[in-house]
Amino acid sequence: MNITDKKILKEIVHKQMENLEVTDMHTHIYSESFNELLLWGIDELLTYHYLVAEYFRYSTMDYADFKQLSKRDQADLIWDTLFIKHSPVSEAQRGVLTVLSKLGLDVASRDLESYRNYFDNMSTSDYIDQVFKIAGVKEVVMTNDPFDTSEKQIWETVGNNDERFKGALRIDPLLNQYDLQYLQLQKWGYDVDFSLNRRTIEEIKRFLKDWIKKIGALYMAVSLPPSFTMPEDSTRSKIVEQCIIPICRELNIPFSMMIGVNKLVNYELGLAGDSLGKSNIQVVEYLCRTYPENKFMVTMLSKENQHELAITARKFRNLMIFGCWWFLNNPSIVEDMTRMRLETLGLSMIPQHSDARVLDQLIYKWTHSRKIIANVLVDKYSDILESGWHVTEEEIERDVEDLFVNNFWKFLGK
Ligand code: RAT
Ligand code: ZN
């Protein structure tokens with residue numbers, strides 16, 4: 001059926017977006033076999049590092065004293081400060097309310113204990129099913145870090161037991177701290193040296209291949225500082241060009257670069273202490289141009305980088321841009337970025353990932369993004385309707401499936 005009426009268009013786009021089951025191509029959640037690495041429940045939601053940062057906007061407590069408290073006590077303080085003593089209007093605060101409401105809990109009661117009781121009576125596997133269903137998520141890509149001892153141990157014993165959770169090899173320590181981490185590699189039986197001689201290069205490649213195989217990695221990923229530049233005479237640049245690029249090419253997997261994070265600008269805040277800076281787009285151009293047979297997925301953290309990143313994707317078909325990452329995952333920015341990307345690239349990008357660290361966050365991150373992106377799509381279809389072009393419901397379904405599922409899988413070549 002041709003859609004010519006804007007009111008009907010709006011209903012159909014919203015319906016399609018609501019029914020859509022997305023592939024969430026970057027998260028920090030794990031399947032059940034990862035035990036306590038899979039975070040879920042109200043206390044985890046409340047102690048999300050985004051909220052910890054916001055808590056310290058109001059609290060004068062010593063960071064160290066806060067750190068020493070149990071998770072439950074920290075959650076109590078955050079609840080009291082960010083929800084009771086001030087209205088929860090920030091995106092991360094509102095997110096908690098969306099989760100509670102979508103689970104059918106009484107948000108108006110403000111009864112933290114009753115929320116806790118709800119989660120106490122839940123089994124992990126039932127809850128995973130429930131969250132995936134409510135969030136409209138088909139599958140998620142994890143962030144798998146072999147340098148994390150507890151995660152490494154799971155991969156070497158039980159491994160992943162749930163097909164809905166896909167692997168991605170995260171290699172920040174290898175690229176950003178090689179001078180420390182090569183000793184770790186040695187302990188694991190790789191014959192590497194501090195200096196990147198021939199043997200070391202081959203052994204780093206062997207390490208990467210072993211882990212890509214072990215976890216069934218869909219891609220290799222790293223987060224990088226604003227100062228990241230290439231080519232340069234640095235260990236990082238050499239590892240990228242001599243190890244990562246050839247292995248990604250050989251195994252036909254993308255290299256995902258998340259660029260723009262300044263780690264620990266306030267180290268006392270731990271995970272909540274990272275910030276951002278504007279990065280150098282030329283590094284993305286250099287890599288895409290120099291290695292046309294390689295695939296790159298890129299997201300950047302600074303708002304100021306978004307336009308040039310979208311333009312770079314117009315120049316290089318081996319570049320897939322994705323997501324409104326971290327500090328950009330705010331409604332006003334998601335709306336802006338999505339508009340600009342659609343206007344620049346049409347439907348050839350991945351508009352969003354959740355970055356969920358706590359399972360339950362899939363619910364709010366996808367509920368919020370879905371609605372904003374649906375509204376932007378309505379506008380874009382309306383504009384072409386005005387020229388006399390008609391779209392069909394099937395075409396809208398195809399388009400949103402492409403944005404939230406197929407663009408990712410096709411880019412991977414799967
Ligand atoms: O968004 C976040 O939770 C950050 O702490 C980071 O994990 C970031 O998404 C990353 O993947 O490095
Ligand atoms: Zn992340």
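**Questions about a predicted model**

Author: Let's start with a small detail of this predicted model: a polar atom in the side chain of Thr-47 is 2.7 Å from the backbone oxygen of Asp-43.

Reader: Where is the place of Thr-47?

Author: Thr-47 belongs to the loop that runs between α2 (42-46) and α3 (49-58).

Reader: Why is Thr-47 called buried?

Author: Its relative accessible area is 13%, and buried means under 20%, so Thr-47 earns the word. Apart from neighbours within four places in sequence, Thr-47 is in contact with Val-52, Lys-71, Gln-74, Ala-75 and Ile-78.

Reader: What makes His-49 buried?

Author: The reasoning is alike: a relative accessible area of 9% falls under the 20% limit, so His-49 is buried. His-49 is part of helix α3. Setting aside neighbours within four places in sequence, its contacts are Leu-271, Ala-272, Trp-326 and Arg-357.

Reader: Which residues are around ligand 1?

Author: His-49 is one of them, and the others are His-26, His-28, Tyr-50, Arg-170, Ser-223, Met-258, Trp-325, Trp-326, Asp-355 and Arg-357.

Reader: What makes the pairing of His-49 with ligand 1 a polar contact?

Author: A polar side-chain atom of His-49 is 2.9 Å from an oxygen atom of ligand 1. The limit for such a pair of N or O atoms is within 3.5 Å, so the pair counts. His-28 has a polar side-chain atom 3.0 Å from an oxygen of the ligand, and for an N or O atom in the side chain of His-26 the distance is 3.1 Å. On its own, ligand 1 would expose 310 Å², and the protein buries 97% of that. Ligand 1 sits in the largest pocket.

Reader: How do you know that Asp-355 counts as buried?

Author: Asp-355 has 7% relative accessibility, and the word applies under 20%, so Asp-355 is buried. You will find Asp-355 in the loop between α16 (331-345) and α17 (361-386).

Reader: What is phi of Asp-355 near?

Author: Phi is near 60 degrees, which is a positive value in a residue other than glycine. Most residues other than glycine have a negative phi.

Reader: Leu-264 has a positive phi too; why is Leu-264 called partly exposed?

Author: The relative accessible area of Leu-264 is 43%. Partly exposed lies between 20% and 50%, so the label fits Leu-264. Phi there is near 50 degrees, and the residue is in the loop between β7 (261-262) and β8 (275-276).

Reader: What makes Gln-184 count as partly exposed?

Author: Gln-184 stands at 27% relative accessibility; buried would need under 20% and exposed over 50%, so Gln-184 is partly exposed. Its home is helix α11 (residues 178-187).

Reader: And why is Leu-103 called buried?

Author: With a relative accessible area of 9% against a limit of under 20%, Leu-103 is buried. Leu-103 is in the loop between α6 (91-102) and α7 (112-120). Leaving out neighbours within four places in sequence, its contacts include Tyr-118, Phe-119, Tyr-127 and Ile-363.

Reader: Which residues are buried in helix α14?

Author: In α14 (residues 282-290), these are Val-283, Val-284, Tyr-286, Leu-287 and Cys-288. Among the elements that cover them are α13 (235-251), β6 (255-259) and α15 (306-315).

Reader: What kind of peptide bond joins Met-230 and Pro-231?

Author: A cis bond, with omega about -5 degrees. Most peptide bonds are trans. Pro-231 is in the loop between β5 (217-224) and α13.

Notes
Residues numbered from 1 in each chain as written. Chains lettered and ligands numbered in written order. Predicted model: local features only at pLDDT ≥ 70, side-chain atom pairs only at ≥ 80, totals over all residues. Heavy atoms only, no water. Buried < 20%, exposed > 50% of the residue type's maximum accessible area, 1.4 Å probe, protein only. Helix = DSSP H or I, 4+ residues; strand = E, 2+ residues; numbered from the N terminus. Contact = heavy atoms within 4.5 Å. Near = heavy atom within 4 Å. Polar contact = N/O pair within 3.5 Å; in protein donor to acceptor, adjacent residues only side chain to side chain. Areas by Shrake-Rupley, 256 points an atom, 1.4 Å probe, with all protein chains shown as cover. 1 Å grid on protein atoms, 1.4 Å probe; cavity = no way out; pocket = protein on both sides within 12 Å on 5 of 7 lines; lining within 4 Å. Sits in = over half its atoms within 2 Å of the grid points.
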